[in-house]
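Biologist: Please take a close look at a single strand of this model, and set it against the chain as a whole.

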Amino acid sequence: MKIGVIGLGYIGLPTAIMFASSGHQVVGLEIREDVVRKINSGKAHIIEPEINERLKAVIAEERFYATTRPEDLRGVNVFIVCVQTPLVDDKPDLSYVENAIRTIAEVMDRGALVVIESTVPPGTTVKMARLLETLSGMREGIDFYVAHAPERVMPGRIFRELVYNSRIIGGVSHKSAILAERLYRSFVKGEIYITDATTAEMVKLMENTFRDVNIALANEFAYLAQQYGVNVFEAIKLANTHPRVNIHVPGIGVGGHCLPKDPYLLLSNAKKEFGLIRLARRINEGMPKIALALLFEAFEQLNIDLATSIVTILGLAYKGDTDDTRNSPALKLRELLEGKVLEVRTYDPYIRGTHNSLEDAVKGSDAIIIATDHREFKNLDWDKIGKLMRTKVLIDGRGIIDRPPRGFLFKGIGRGDV
Ligand SMILES: NC(=O)c1ccc[n+]([C@@H]2O[C@H](COP(=O)([O-])OP(=O)(O)OC[C@H]3O[C@@H](n4cnc5c(N)ncnc54)[C@H](O)[C@@H]3O)[C@@H](O)[C@H]2O)c1
């Protein structure tokens, strides 16, 4: 097959490489010239294990190149759309998908298959198929084929998960789904389940919404546990011994590219809703404020003047052991603190631009807030850290401190037991 991948970001570039190394001829269309230049020089612009070696290999075999010129997509049999679908004011911006479809309409031949991998609101793939029909004068299911193949990979494990994850593929027509399934079989070893396009869109969004709502429920439990004098992490561990219960992990918030966005995508084309999903979003978005309330409580107990205080945030990434700060609750926390305290410091061993060392970041500080569950933060020498601080307040936003360190005023999300 000659495949055109549109949008060479976190999803598009690994997907293009995967198709190229499975024997297809792949052209990657990307609007950012700097990205195209870098990719063609054999260097990925995203951080992902194995990506540079794999990219160099497919370039050397002349199976893949990147371009900014839509004309280079002429003669392509399969188009894969991997552009971003961001939120603007809590509403999906589908202009990138629509622009990609308009580009495809200009170069598409009869018999082409168009796959939308981008996460989109229910109904979008069908709408895009209709737009292609209008623009091309051809008919979906007869002259060309459109399917949705949502992506489930997790950054950091993309090349493994592309192969072994199971996939849902939904066709606008049944034949489209069958053609897309055949295509993904070139490298997918997991199950492939076939359905219609709108169901596939909904499945993808339901998966992430389930996780977001479950975390919000865990956060509500944490808030209650704080009031009942209970350690919510112990309570959840015990509740999860029930064979049909799986409560997620509470904490300072939900970040990353997908979870904070996908519930809004799920709601965006609905006329009516019950409100649960939106409430869960609001709970998770509000968690940095809960951590802040714990800090203020501690400062009041110790008579610390907020305006002259120094606060150190440990971790800026949205989750442990990565450098990804997209929608990170730690950034929100920093924003909330700025202007209220004398100085906000951040230390994240994975992220440049934060303090160079933990010692530097805590020296003379009045409080530490743990915002990311990096491995490095799990076994810190609190005696040593305490000696460097001006006042010893520790707020655990991630439930990584089992026993409060001696000499600290300790508070944590979900830690009513201290
Ligand atoms: N990143 C993830 O972990 C992940 C996981 C599952 C699903 N998704 C979904 O996949 C989609 C892509 O996500 P991503 O993280 O790869 O986004 P990204 O922002 O990293 O990449 C999108 C790329 O598309 C390019 N682009 C935009 N419009 C274009 C056009 N008309 N022609 C050519 N290039 C164009 C952009 O310049 C950008 O480089 C989103 O819908 C996202 O929700 C992402």
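**Strand 8 and its setting**

Modeller: This is a predicted model. The protein chain has a secondary structure of 14 helices and 15 strands. Its radius of gyration is 24 Å, close to the 22 Å that the globule rule gives for 418 residues, so the protein chain is as compact as a globular protein of that length. Along the principal axes, the C-alpha atoms of the protein chain fill a box of roughly 75 × 50 × 40 Å.

Within that chain, the part to look at is strand 8, which covers residues 145-148. Both of its faces are covered. On one side lie Y145 and A147, on the other V146 and H148, and all of these are buried. Buried here means under 20% relative accessible area. Across the protein chain, 52% of the 418 residues count as buried.

Strand 8 is joined to strand 7, residues 113-116, by four bridges, and the two strands run parallel. One residue pair can be named in this pairing: I116 has H148 in strand 8 as its bridge partner. H148 is thus a residue with two entries in this account, as a buried residue of strand 8 and as the bridge partner of I116.

For the wider setting, consider contacts in the protein chain between residues at least 6 apart in sequence: 71% of them join residues at least 24 apart. The accessible surface of the protein chain comes to about 19,700 Å², and carbon and sulfur atoms hold 51% of that surface. As for charge, the protein chain has 54 positive and 53 negative charges, whose mean positions are 2 Å apart.

Terms used:
Residues are numbered from 1 along each chain as its sequence is written. This is a predicted model: local features need pLDDT of at least 70, side-chain atom pairs count only at pLDDT 80 or more; totals for chains, interfaces and linings use all residues. Side-chain values use heavy atoms; hydrogens and water are left out. The radius of gyration is taken over C-alpha atoms; the globule rule is 2.2 Å times the number of residues to the power 0.38. Buried means under 20% relative accessible area, exposed over 50%, partly exposed in between (1.4 Å probe, protein chains only). Contact means heavy atoms within 4.5 Å. Accessible areas come from the Shrake-Rupley method with a 1.4 Å probe; for residues, only the protein chains shown count as cover. Lys and Arg count as positive and Asp and Glu as negative; His and the chain ends are not counted. The place of a charge is taken as NZ of Lys, CZ of Arg, CG of Asp or CD of Glu. Two strands pair if DSSP finds at least two bridges between them.
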